[in-house]
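Me: I'd like to learn how to read a protein-DNA model step by step. Could you walk me through one?

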There are 2 protein chains.
Amino acid sequence: MILKSQVEWALHCCAILAGLPDGRYLSTKALAEFHGLPKEYLSKALQGLSQAGLVDTSLGPSGGYRLAKPPAELTFLEIVEAVEGRQRTFVCTNIRANNPCRPKDHCDSSPCAVARIMWEADEAWRAKLRGVKLSDLVGILSQEVAPELWKSSFEWVLERAG
Amino acid sequence: MILKSQVEWALHCCAILAGLPDGRYLSTKALAEFHGLPKEYLSKALQGLSQAGLVDTSLGPSGGYRLAKPPAELTFLEIVEAVEGRQRTFVCTNIRANNPCRPKDHCDSSPCAVARIMWEADEAWRAKLRGVKLSDLVGILSQEVAPELWKSSFEWVLERAG
DNA sequence: TTAATCAAGGATAAAGAATATCCTTATTTC
DNA sequence: GAAATAAGGATATTCTTTATCCTTGATTAA
Ligand code: SF4
Ligand code: SF4
């Protein structure tokens, strides 16, 4: 069970978009080039963010993506779910229904303990991601990334932001 | 990102094995029939449990599987990891290394905040599963499963346990 | 007005992982 | 000695992920 690489891509792209000045957009092309990713496929991840309402888009030259809300109001969970989906990681195929001792008319009213426990763990994962804002990430990165690299990356982006 | 169905199978099988009297074994054949699962493929999941040291095996007629330790000392996490593996669910492909502004000699010493945050969430998931014992599951099931079904299932298993 | 650029999304292909079956081997029980 | 069992290798099938290509309609800049 491994998250798709698009999750990593989306998080990195949002971190970049968080640094964009108000009202400006950054294109798929620029984001793909900056991260060394296939443009067409990265586009699918960005479309996921767009469909989830996390980013605004603009067409034409100088178009692209920008965040739809402030980084402090955007959680990791929203970004992850936008590309990975909201389905729980444990799916129950109801194998208890195959129990040969089970009477024909027996009705398993609710999910059993196995499923509930697995879903609780899933929820713990989501709760952790829900507790981290995009602004938290930017704060950490701004401290950890080498100042020259931080600055030159920022300029690189600004040159290409429409 | 969805856990393999073998996880569900392994948990159910362990729950059954937890009810076995001391020193007795239950075969793949019986476990597969009880849960309505493909015997050969379920066998792979049980081999995973065996390789992880969670169950003991015995060959020949009346052979099969039994728990290697008491249900109170066997956690959900151990069972899940035995079939799903211990790899983290977020893998970092180090796309920051593709940053065009990055100097050639630049060395990214450690995992960045993105990866650390995702790994923390992963650990929260594991911590939750680590906190649930197989005995907890059996306790809940014994209360929730209809008494007649619980009893007849128990008898069905005993008839086939070597 | 025109040409270039962009997001969106459909179609399709390639690669990889999950699911499933079959068969052989060595061991144990009866 | 015969039957049953776990272990595991080989292979096939199906589904998901990854990736590319192309069309459409909107927007901007010249
Ligand atoms: S996990 Fe629970 S609900 Fe799902 S198949 Fe097993 S018994 Fe049924
Ligand atoms: S998640 Fe962090 S460590 Fe992984 S590629 Fe992105 S920047 Fe690098």
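Reply: Happily! Let's begin with a single contact: a polar side-chain atom of B:Lys44 sits 2.8 Å from a base oxygen of DNA strand D. Keep in mind that this is a predicted model.

Me: Which part of DNA strand D do B:Ser50 and B:Gln51 approach?

Reply: The thing to check is the kind of DNA atom in each pair. For B:Ser50, a polar side-chain atom lies 2.6 Å from a phosphate oxygen of DNA strand D. B:Gln51 also places a polar side-chain atom by a phosphate oxygen of that strand, at 2.9 Å.

Me: How do I go from single contacts to the whole surface near DNA strand D?

Reply: Count the residues, then sort them. DNA strand D is surrounded by 26 residues, and the closest are A:Lys4, A:Tyr41, B:Lys44, B:Ser50 and B:Tyr65. Sorted by class, this surface has 9 nonpolar, 13 polar and 4 charged residues. On the DNA side, 61% of the strand D atoms within 4 Å of the protein belong to sugar or phosphate, and the rest to bases.

Me: Which element supplies the largest share of the surface near DNA strand D?

Reply: That is H3(B), with 4 residues. Elements that each supply at least two residues are H1 and H3 (39-51) of chain A, together with H3 (39-51), S1 (55-58) and S2 (64-67) of chain B.

Me: And what surrounds DNA strand C?

Reply: Use the same kind of reading. Around DNA strand C there are 26 residues, the closest being A:Lys44, A:Ser50, A:Gln51, A:Tyr65 and B:Lys4. The side chain of A:Gln51 has an N or O atom 2.8 Å from a phosphate oxygen of DNA strand C. Backbone atoms deserve a look too: an N or O atom in the backbone of A:Thr28 lies 3.1 Å from a phosphate oxygen of this strand, while one in the backbone of A:Pro61 lies 3.5 Å from a base oxygen. H3(A) gives the largest share of this surface, 4 residues.

Me: How are chains A and B related?

Reply: Superpose one copy on the other, then look at the turn and the shift. Chain B can be laid on chain A with an RMSD of 0.0 Å by a turn of 180° and a shift of 0.0 Å along the axis. The two copies are therefore related as by a two-fold rotation axis. In chain B, the C-alpha nearest that axis belongs to B:Trp125, at 2.5 Å. The same surface serves both copies, since 100% of the contact residues of chain B recur in chain A.

Me: Why is the site of ligand 2 called shared?

Reply: Look at the chain letters in the shell. Residues from chains A and B surround ligand 2, so the site is shared between chains. Chain A brings A:Glu8 and A:His12, and among the chain B residues are B:Cys92, B:Cys112 and B:Arg96. H1 (5-17) of chain A and H5 (113-130) of chain B each supply at least two residues of this shell.

Me: Is H1(A) mostly covered or exposed?

Reply: Burial is read residue by residue. H1(A) is mostly covered, with 12 of its 13 residues buried; A:Glu8 and A:His12 are among them. In H3(A), the buried residues include A:Leu42, A:Leu46 and A:Leu49. What covers the buried residues of H3(A) includes H1, H2 (28-35) and H4 (76-84) of chain A. Finally, A:Gly53, which follows H3(A), has a positive phi, near 80°.

Technical notes:
Residues are numbered from 1 along each chain as its sequence is written. Chains are lettered from A and ligands numbered from 1 in the order in which they are written. This is a predicted model: local features need pLDDT of at least 70, side-chain atom pairs count only at pLDDT 80 or more; totals for chains, interfaces and linings use all residues. Side-chain values use heavy atoms; hydrogens and water are left out. A residue is near a molecule or strand if one of its heavy atoms lies within 4 Å of it. A polar contact is a pair of N or O atoms within 3.5 Å; within protein, one must be able to donate a hydrogen and the other to accept it, and residues adjacent in sequence count only if both atoms are side-chain atoms. Ala, Val, Leu, Ile, Met, Phe, Trp, Tyr, Cys and Pro count as nonpolar, Asp, Glu, Lys and Arg as charged, and the others, Gly among them, as polar. Copies are superposed by least squares on the C-alpha atoms of residues with pLDDT of at least 70 in both. Contact means heavy atoms within 4.5 Å. Buried means under 20% relative accessible area, exposed over 50%, partly exposed in between (1.4 Å probe, protein chains only).
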